[in-house]
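Please walk through this model with the account below, which moves from one region of the chain to another.

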Amino acid sequence: MSSTTTTKPQVLIVDDEERNRLAIAEILAEISLEAIFCASGQSALEAIRKNHPALIILDAEMPELDGYQVINQMHADEELSHIPVLLLTPNLSNEKQLQYASLVELIECVAKPVSAEVLKSKVQTLLQLDFYQHSIVELLNEDQQIVRKKQEGVIGLDINGKIIYVNSIAAKLLKTSTSELVGLYFESLFEEPNDHVVSVWQDHPIRRVCAEGNILQIDQVYLWRADGVSVKVKLAAIPFMEKSGTLDILMAFKLRRAKRGTQNNITQLMGMDHLTGLPNRTRFEDHLRTQITLANNIGLQIAVLFIDLSHFRHINQTLGHEFGDALLKEISQRLKSAVRSSDYLARISGDTFAVLATLNQDISDAGVVARKILKQLKESFLIHGHEVYAASHIGVATYPHSGDTPVALLKNAQTAAERAKSLGGNAYQFFTTEMNIEVVQKMLLEQDFHRAIDQHILKIDFEPIFDREHRIMVGYESIVRWPRAGKDSLLLADFLPIAERAGLSDRF
């Protein structure tokens with residue numbers, strides 16, 4: 001059952017070691033709360049579904065179902081996704097946090113060994129949010145759906161315009177955690193720059209309207225997200241006075257989305273990929289063209305890294321496009337963390353990305369970037385409760401050695417990526433002129449094979465099979481040959497890969 005404003009809030013403490021659970025409870029002993037305990041991730045999920053606690057203190061490292069997996073399953077359940085979590089991590093650079101980066105950035109993390117003061121401070125802040133949550137639901141009565149809509153962010157302000165309440169949807173829409181928002185002035189979220197050291201909220205039009213007891217509907221306004229992107233939202237400012245006299249105004253907002261029919265056109269014109277938010281191929285080529293000009297003027301060396309995912313098509317087909325889209329978003333986040341601030345990352349097509357890297361007079365710098373990307377993508381991804389791997393291979397083309405136009409550099413980097421794939425994946429290769437010669441030879445061979453099929457040049461020979469012991473013929477072996485004018489004939493094993501590459505393996 002949910003905690004209420006008249007009973008102590010329940011705090012679920014989850015750790016596989018009893019001494020750790022008791023130590024946390026002892027730290028929180030002076031705070032008015034009811035502690036309940038679980039020793040595993042699975043039992044924790046059962047307790048969360050049953051009790052809907054006000055807060056979960058969760059150990060990151062547990063056998064079988066660890067803390068990250070518990071959070072992932074909670075986020076997949078609309079009834080549980082709003083419950084705040086304090087994740088206790090072994091250290092803030094742990095590789096697990098990279099694997100679940102999109103989860104970690106939206107929750108509260110406390111590093112081990114746990115600081116008693118830090119833990120108490122965060123628990124008190126989150127329990128205060130729970131108190132406000134219940135106050136809002138109780139006092140709005142018939143309007144309580146405002147804070148329960150699954151796509152509606154809600155922020156509570158005090159009389160000075162300072163944020164004192166944030167629901168989980170608001171934190172997600174603004175790409176941050178609740179504690180990062182609490183204490184900010186709401187004005188700082190507006191897209192318009194605010195140069196004031198302190199809030200001038202008393203004079204703000206929203207505050208003046210609400211002070212008269214009126215609800216203000218704003219059809220379109222821009223708010224800053226934590227990642228520096230401004231988003232267009234529809235906002236309602238609702239005057240509110242709860243019994244403690246602290247909450248003054250509720251801000252309820254949701255994202256404004258472009259009409260479905262125009263979204264792709266708009267993002268294409270903007271040069272952005274609508275799924276990942278990365279630059280698309282058009283913008284990448286434009287930026288690459290500019291960098292080539294700059295390189296010519298100052299002697300700069302640049303490299304294009306073409307990143308191809310090995311098994312993405314299979315993942316898409318078996319688990320569905322929605323799953324594939326979620327994986328691509330996670331991959332784009334990993335890539336952002338892998339490349340340098342001076343590098344330019346883009347999504348080229350369905351399962352391919354590219355990086356434009358500036359080199360410090362040494363083409364081996366591109367190899368450093370490639371190795372870092374491969375390391376980041378090698379770790380598994382947790383998507384909708386499934387652990388999947390997205391092996392990748394990378395081709396590198398450097399300017400001016402491997403091409404002098406955006407098209408040539410991308411094509412040659414892709415050729416090098418195909419060579420890396422033939423080496424078994426999770427590898428990278430620099431483009432060489434020999435690769436280009438090989439590509440041309442393959443292309444010519446495929447053209448010859450098309451003609452051989454169309455002109456029925458392939459021949460089938462039947463060779464007898466003998467039983468040597470009894471010296472009798474027992475059957476025939478069929479052998480497919482491709483006779484070539486002026487060249488050696490090829491056997492099936494030699495030209496079958498060519499046929500498969502050309503999509504002609506079913507024609508003979």
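Leaving aside residues up to four places away in sequence, Thr276 touches Leu328, Ser332, Lys336 and Arg347. The model is a predicted one, and Thr276 offers a convenient point of entry to it. This residue has its place in the loop between α11 (260-270) and α12 (281-298). With a relative accessible area of 10%, Thr276 falls under the 20% limit and therefore counts as buried. The side chain of Thr276 is joined to that of Asp273 by a polar contact of 2.6 Å, and a polar atom of the Thr276 side chain also lies 3.2 Å from the backbone nitrogen of Leu278. A further relation spans a longer stretch of sequence: Thr276 and Ala326 are separated by 50 residues along the chain, while their C-alpha atoms are 9.4 Å apart in space.

Ala326 leads on to helix α14, which covers residues 321-338. This helix has 18 residues and reaches 25 Å from its first C-alpha to its last, close to the 26 Å expected at 1.5 Å a residue. Its buried residues include Ala326, Leu328 and Ser332, and two of these, Leu328 and Ser332, are among the residues that Thr276 touches. Also buried in α14 are Phe323, Gly324, Leu327, Glu330, Ile331, Arg334, Leu335 and Ala338. As background to reading such a list, an α-helix has 3.6 residues a turn, so residues three or four places apart point the same way.

Strand β16 comes next. In β16 (residues 392-399), 8 of the 8 residues are buried, so the strand is largely enclosed by the rest of the structure. The cover extends to both faces, with Ser392, Ile394, Val396 and Thr398 buried on one side and His393, Gly395, Ala397 and Tyr399 buried on the other. Strand β11 (residues 301-309) pairs with β16 in the antiparallel sense over 8 bridges, whereas the pairing of β16 with strand β17 (residues 428-430) is parallel and involves 3 bridges. Val396 can serve as a marker for both pairings, since it stands opposite Leu305 on β11 and opposite Phe430 in β17.

Asn412 belongs to another helix, α16 (residues 406-422). Its relative accessible area is 5%, which means that Asn412 is buried. The side chain of Asn412 makes a polar contact of 3.3 Å with the side chain of Lys411.

Elsewhere in the chain, 5 strands form an open sheet in the order β7-β6-β10-β9-β8, with antiparallel pairing. The strands β7 (163-166) and β8 (216-224) stand at the edges, and because each has a single partner strand, one side of each is left without a neighbour in the sheet. On average, neighbouring strands of this sheet are turned by 30 degrees against each other, direction ignored. Within the sheet, β9 (residues 230-239) and β10 (residues 249-255) run antiparallel and are joined by 7 bridges; Lys234 stands opposite Lys254 in β10.

How confident is the predictor in the chain, and where does pLDDT stay under 50? The protein chain averages a pLDDT of 79, and 77% of the residues score at least 70. Over residues 1-5 pLDDT stays under 50, and the model has 19 contacts beyond four places in sequence for this stretch. Residues 260-269 likewise stay under 50, and for them the model has 9 such contacts beyond four places in sequence.

Definitions and conventions: Residues numbered from 1 in each chain as written. Predicted model: local features only at pLDDT ≥ 70, side-chain atom pairs only at ≥ 80, totals over all residues. Heavy atoms only, no water. Helix = DSSP H or I, 4+ residues; strand = E, 2+ residues; numbered from the N terminus. Expected span 1.5 Å × (residues − 1). Buried < 20%, exposed > 50% of the residue type's maximum accessible area, 1.4 Å probe, protein only. Pairing = 2+ DSSP bridges. Axes fitted to C-alpha atoms, helices over the stretch in contact; angles between N-to-C directions. pLDDT = per-residue confidence, 0-100. Contact = heavy atoms within 4.5 Å. Polar contact = N/O pair within 3.5 Å; in protein donor to acceptor, adjacent residues only side chain to side chain.
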